[in-house]
Protein chains: 2
Amino acid sequence: MSCEEVFVKQLRDRGLRYTPQREMVLQAVHEVKGQPTAEEIYERVRQLSTCVDISTVYRTLDLLQEFNLVAVIDLGDGQRRYEHLGAHGPRYHLLCRSCGQLFPLPEEEISHFRSALAASHGFAVDLDGVVLPGLCQACLAAREDEAENTRSRGAEE
Amino acid sequence: MSCEEVFVKQLRDRGLRYTPQREMVLQAVHEVKGQPTAEEIYERVRQLSTCVDISTVYRTLDLLQEFNLVAVIDLGDGQRRYEHLGAHGPRYHLLCRSCGQLFPLPEEEISHFRSALAASHGFAVDLDGVVLPGLCQACLAAREDEAENTRSRGAEE
DNA sequence: ATTTATGCAAAGGTTTTGCAGAATA
DNA sequence: TATTCTGCAAAACCTTTGCATAAAT
């Protein structure tokens, strides 16, 4: 079942309606790369039709989230971001604090952590859409180089 | 070295000043339980002195964060929260999506996850102040009971 | 015909900023 | 005395809401 079909079905099941605006927001969610903000999705929608309001975009994104068609992502910059959830299901992310790049984190990495936590605390972690900050390989290496340089410079002086 | 001493030293190192307002904000951070918002810290400060402005509180909290004396916590309710970082160092949290309770997550649980990730992706996760959502033991049990009841009721009818 | 959805505009809440006067080193 | 800091007020920011009109079933 395609995303659109899922959306229509879920709407119908609740007595809600499939409108052109809702269709356009879903399309924009597919088309905009990365993890767009509501504003960015709104801009894409505006390319399709000029008189759609951003409040409609927000309202539609709320629905898509409820239906598990998008995940909400927080990169800690005070703006909500949205990510399309296709057949692949939930995604987990690593955010490099230094370069700002977002890296996907495969499910396998999460599952060990999840079961360890379930065993020790009885807590069922649910990391859908969670963004884990840190330093990526490249930035970590750069930082180590810098520390090395500082040390050797210190020794010379 | 006490928090206050660290704060004063860090300020001096940057040519910044130790003012009564900054002292009171640090004190409030120690005294308010849990993970207070800027507003809550502000209220505590106001008990000490009536004419301190909330913008000063925000500005001081920014400094304390830079100096690693507080961690910033996001419980996903659109309000930044602050947590005092004492000698114990960074804290990790589990947030129950159902009852809203916050549970501490000991360092040991994190470290396996961190080394696994470092080995597989070369990414150094840094979960200081990160809040991992999920379901706590009690809410998980309650949910399972409910599912059980629904099933047996369904069978009766 | 009935109910839901939309656009508009305005409000909402938290956090930030500009600036003149006060305080610190 | 030279900067930094503060309080005040206003702005900025993202998101939500109320309401009359329009659209969908």
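Which elements of chain A and chain B each supply at least two residues of the surface near DNA strand D? In this predicted model, they are α4 (54–66) of chain A, together with α2 and α4 (54–66) of chain B.

**First selection: the surface near DNA strand D**

Select DNA strand D and the 22 residues around it; those that come nearest are A:Tyr58, B:Arg17, B:Thr19, B:Cys51 and B:Thr56. Colouring this surface by class gives six nonpolar, eight polar and eight charged residues. On the DNA side, sugar and phosphate make up 66% of the strand D atoms that come within 4 Å of the protein.

**Second selection: contacts with phosphate oxygens**

Proceed to B:Thr56, where a polar side-chain atom lies 2.5 Å from a phosphate oxygen of DNA strand D. Next, display B:Thr19: an N or O atom in its side chain is 2.7 Å from a phosphate oxygen of the strand. Then move to chain A and show the main chain of A:Arg80, since the contact here involves a backbone N or O atom, 3.0 Å from a phosphate oxygen of DNA strand D.

**Third selection: the second largest pocket**

Leave the DNA and turn to the second largest pocket, with a volume of about 200 Å³. To centre the view, select B:Val29, B:Val32, B:Lys33, B:Gly34 and B:His84, which of the 14 lining residues are the closest to the pocket centre. Two elements of chain B, α2 (20–31) and β2 (80–84), give two or more residues to this lining. Coloured by class, the lining of the pocket shows five nonpolar, five polar and four charged residues.

The α2 helix of chain B thus appears at two stops of the tour: it supplies residues to the surface near DNA strand D and to the lining of the second largest pocket.

Notes. Residues numbered from 1 in each chain as written. Chains lettered and ligands numbered in written order. Predicted model: local features only at pLDDT ≥ 70, side-chain atom pairs only at ≥ 80, totals over all residues. Heavy atoms only, no water. 1 Å grid on protein atoms, 1.4 Å probe; cavity = no way out; pocket = protein on both sides within 12 Å on 5 of 7 lines; lining within 4 Å. Points joined across faces, edges and corners; volume = space filled by probe spheres on them. Helix = DSSP H or I, 4+ residues; strand = E, 2+ residues; numbered from the N terminus. Nonpolar A, V, L, I, M, F, W, Y, C, P; charged D, E, K, R; others polar. Near = heavy atom within 4 Å. Polar contact = N/O pair within 3.5 Å; in protein donor to acceptor, adjacent residues only side chain to side chain.
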